Every structure is written in structure tokens, then in C-alpha cells.
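Grab a coffee and open the viewer. Here are some exercises to work through, each followed by a solution you can check yourself.

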Amino acid sequence: MSQVKPLKKPPGFRDPTIPIQRPLHPPPPPRKINLPPSFYQEKKRRTCCFSCCCCCFVFLILLLFLVAAGGALYLWFNPKLPVFHLRSLEFTKFNVTENQDGPKLNAQSNVGVELKNPNRELKFVYGETKVELKGENDVNMGEGKVSGFVQEKKSVKVVKFVMKSNEILYGDNIGKVIRSGFKSKNLRVSADVSTAIGIGYNEWKSWKIGVRVSCGGLRLKQIENGATPKCGITLFNWFHLN
């Protein structure tokens with residue numbers, strides 16, 4: 001018995017017993033929500049405020065740390081300003097002569113300024129130091145200067161200045177007043193010191209600040225008798241200390 005060959009399926013034939021598989025459709029895209037511009041502005045503002053708050057907090061922490069560290073160092077070193085005294089004044093030459101321009105002062109003197117460093121840990125670093133010697137009526141009686149130097153802790157140092165003056169005296173009877181005051185030792189004089197001072201610890205040195213020191217207002221006889229007036233200090237050309 002011969003086998004019957006199955007018939008070939010025509011092109012495009014579909015078996016009705018097999019379910020149709022429809023292609024899956026992708027989900028619809030999310031619907032875009034249009035927010036008002038004020039929403040984005042408010043969000044940006046909140047972000048900026050948060051950043052500013054963080055920066056301020058960090059700055060405050062650093063500031064508190066620096067203050068605490070500075071306070072600890074201050075308590076440890078207990079820094080003190082130097083103390084100045086006008087120690088000595090000796091004239092080696094003093095002449096008042098008359099000429100066509102008026103009386104003229106020709107003077108030479110030696111001035112000693114005492115510097116005291118009361119600090120137990122810190123030394124003072126001085127820049128170039130100048131001294132101006134003034135008489136009554138603000139007469140310039142000499143100027144001198146020394147180069148910079150270092151004063152060690154807990155020490156006293158006397159700095160010597162050689163003063164010279166070649167000054168024309170202006171004003172009525174100024175020459176006579178200066179001459180008679182010098183002879184009677186009643187001439188009132190003062191010394192103004194200009195310098196720059198920094199502090200040092202071991203090998204470390206700070207920057208220097210400008211300092212002006214005013215010594216005197218004493219008569220020559222008082223200085224010769226050993227009076228050593230304390231000098232007033234002016235920092236930054238405006239902050240006065242006595």
C-alpha cells in the first residue's frame with residue numbers, strides 16, 4: 001500500500017488553530033508637565049541660600065578656631081610693649097650766634113634712650129631708629145639715628161645717639177631765650193623717637209609696625225639730676241599709650 005504524500009501549503013496559508021500574536025506596543029511617553037517659571041526661580045533661590053549658609057557656617061568655624069588659637073597664644077606668651085625712658089642728655093657743643101638771617105644754633109649732644117623688654121619669651125626686633133631733640137618753641141636741637149638691632153627677652157638696653165644741629169632760630173628773642181635757658185639749666189627739652197618694631201621667637205620674626213615715642217618735657221637740670229621720665233608710645237600714628 002502506497003503512502004499518500006501531504007499536500008504542500010500554498011503561499012500565504014495560515015493555520016486557524018494557531019493564535020495570532022500581535023506585536024507589543026511601547027508604553028506611551030510620560031506626559032510633560034509645564035511648570036510655571038516661578039517654580040524654577042524659587043528652586044534656584046533655595047539652592048543659592050543653602051550654599052550661602054554652608055559657606056557662612058564654614059567661615060564661622062574657621063574664625064572661631066583662629067580666635068581660640070590666638071587667645072591661647074596670647075595667654076601663653078602674654079606679650080607686653082617695650083618701655084622707653086630718656087636716660088641721659090649731654091651737650092658737647094652749644095653756641096648761638098648772630099648773622100644776617102637771624103640767630104643760629106650750632107649744637108652737638110649725646111642722648112641715651114633706655115629700652116626695656118619685659119617679655120619672658122619674646123624678643124623685640126627694631127628697624128632703623130631716629131631721635132629728634134626739641135627745645136622750647138619747638139626748636140630743633142639735634143637729630144641722630146642708629147641702624148636696626150635686636151633686643152633679647154627680659155633685658156634692658158641703652159641706645160646712644162650722637163645729635164647735631166645747625167638751625168636758624170626764627171621768632172622774637174628766641175636766640176636769647178635758648179641761650180639763657182641753656183646757661184641756667186632751665187631749658188625744657190624733649191626727645192621724639194621714630195622706629196619700627198617687630199617681635200621674634202627663636203628664629204621666627206614678625207613684620208614691623210611704625211612706632212613714635214615721645215620722651216621728655218623736662219628741664220636740663222632735672223635730667224642732669226637723674227630724672228628718667230617714661231616715654232609715651234604712639235602706634236600706627238594714631239593710637240596713643242602712656
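**Exercise 1. Decide whether Cys-231 is buried or exposed, then find its sulfur partner.**

Step 1. This is a predicted model, so read every value below as computed from it. The relative accessible area of Cys-231 is 3%. Buried means under 20%, so Cys-231 is buried.

Step 2. Now look for a partner. A disulfide joins Cys-231 to Cys-215, with 1.9 Å from S to S. A search of the whole structure turns up one disulfide.

Step 3. Place the two ends. Cys-215 is in strand S10 (residues 209–219), while Cys-231 is in the loop between H3 and strand S11 (232–235). The two are 16 residues apart, and the pair links distant parts of the chain.

Step 4. Check the other end for cover. Cys-215 has 1% relative accessibility, so it counts as buried too.

Step 5. Finish with the handedness. The angle about the S-S bond is 115°, and the link of Cys-215 and Cys-231 is right-handed.

**Exercise 2. Classify Cys-55 and Cys-56 by their relative accessible area.**

Step 1. The cut-off you need is over 50% for exposed.

Step 2. Cys-55 comes out at 54%, so Cys-55 is exposed. Cys-56 comes out at 52%, so Cys-56 is exposed as well.

**Exercise 3. Find which residues make the nonpolar surface patch of about 900 Å².**

Step 1. List the members: Phe-57, Val-58, Phe-59, Leu-60, Ile-61, Leu-62, Leu-63, Leu-64 and Val-67.

Step 2. Take one of them, Phe-59, and place it: Phe-59 sits in helix H1 (residues 37–77).

Step 3. Check how open Phe-59 is. Its relative accessibility is 55%, so Phe-59 counts as exposed.

Step 4. For the wider setting, the protein chain exposes about 17,700 Å², and carbon and sulfur atoms supply 59% of that.

**Exercise 4. Work out where the buried residues of helix H2 (residues 174–184) lie around the helix, and what they pack against.**

Step 1. Pick out the buried ones: Ile-174, Gly-175, Ile-178, Gly-181 and Phe-182.

Step 2. Look down the axis of H2. The buried residues fall within an arc of 140°, so they line one face of the helix.

Step 3. Recall the helix geometry behind this kind of pattern. An α-helix has 3.6 residues a turn, so residues three or four places apart point the same way.

Step 4. Turn to the other side of H2, where Lys-176 and Lys-183 are exposed.

Step 5. Find the neighbors. The buried residues of H2 pack against strand S1 (83–97) and helix H3 (220–224).

Step 6. Go to the end of the helix. Ser-184 is in H2, and at 34% relative accessible area Ser-184 is partly exposed. The C-alpha atoms of Ser-184 and Leu-220 are separated by 8.8 Å, although these residues are 36 residues apart along the chain. Just after H2, Lys-185 takes a positive phi of about 65°.

**Exercise 5. Describe the surroundings of Met-163.**

Step 1. Place Met-163: it lies in strand S7 (residues 155–168).

Step 2. At 0% relative accessibility, Met-163 counts as buried.

Step 3. Leave out residues up to four places away in sequence, and Met-163 touches Ala-107, Gln-108, Ser-109, Val-111, Val-131, Glu-132, Leu-133, Gly-142, Glu-143 and Gly-144.

Step 4. Take Ala-107 from that list. Its C-alpha atom is 8.0 Å from that of Met-163, with their positions 56 residues apart along the chain.

Step 5. Zoom out to the chain. Among contacts between residues at least 6 apart in sequence, 66% join residues at least 24 apart.

**Exercise 6. Say what phi looks like at Asn-137 and Asp-138, and where these residues sit.**

Step 1. Phi of Asn-137 is near 60°, a positive value in a residue other than glycine. Asp-138 also has a positive phi, of about 60°, and is not a glycine.

Step 2. Asn-137 lies in the loop between strand S4 (129–134) and strand S5 (140–146). Asp-138 is in the loop between S4 and S5.

Step 3. With 56% relative accessibility, Asn-137 counts as exposed. With 58%, Asp-138 counts as exposed.

Terms used: Residues are numbered from 1 along each chain as its sequence is written. This is a predicted model: local features need pLDDT of at least 70, side-chain atom pairs count only at pLDDT 80 or more; totals for chains, interfaces and linings use all residues. Side-chain values use heavy atoms; hydrogens and water are left out. Buried means under 20% relative accessible area, exposed over 50%, partly exposed in between (1.4 Å probe, protein chains only). Helices (H or I, at least four residues) and strands (E, at least two) are DSSP runs, numbered from the N terminus. The arc is that of the directions from the helix axis to the C-beta atoms. Contact means heavy atoms within 4.5 Å. Patches are made of residues with over 30% relative accessible area and no salt bridge: like charges are joined within 9 Å, nonpolar side chains (Val, Leu, Ile, Met, Phe, Trp, Tyr) within 5 Å. Accessible areas come from the Shrake-Rupley method with a 1.4 Å probe; for residues, only the protein chains shown count as cover. A salt bridge is a side-chain nitrogen of Lys or Arg within 4 Å of a carboxyl oxygen of Asp or Glu. A disulfide is a pair of cysteine sulfur atoms within 2.5 Å.
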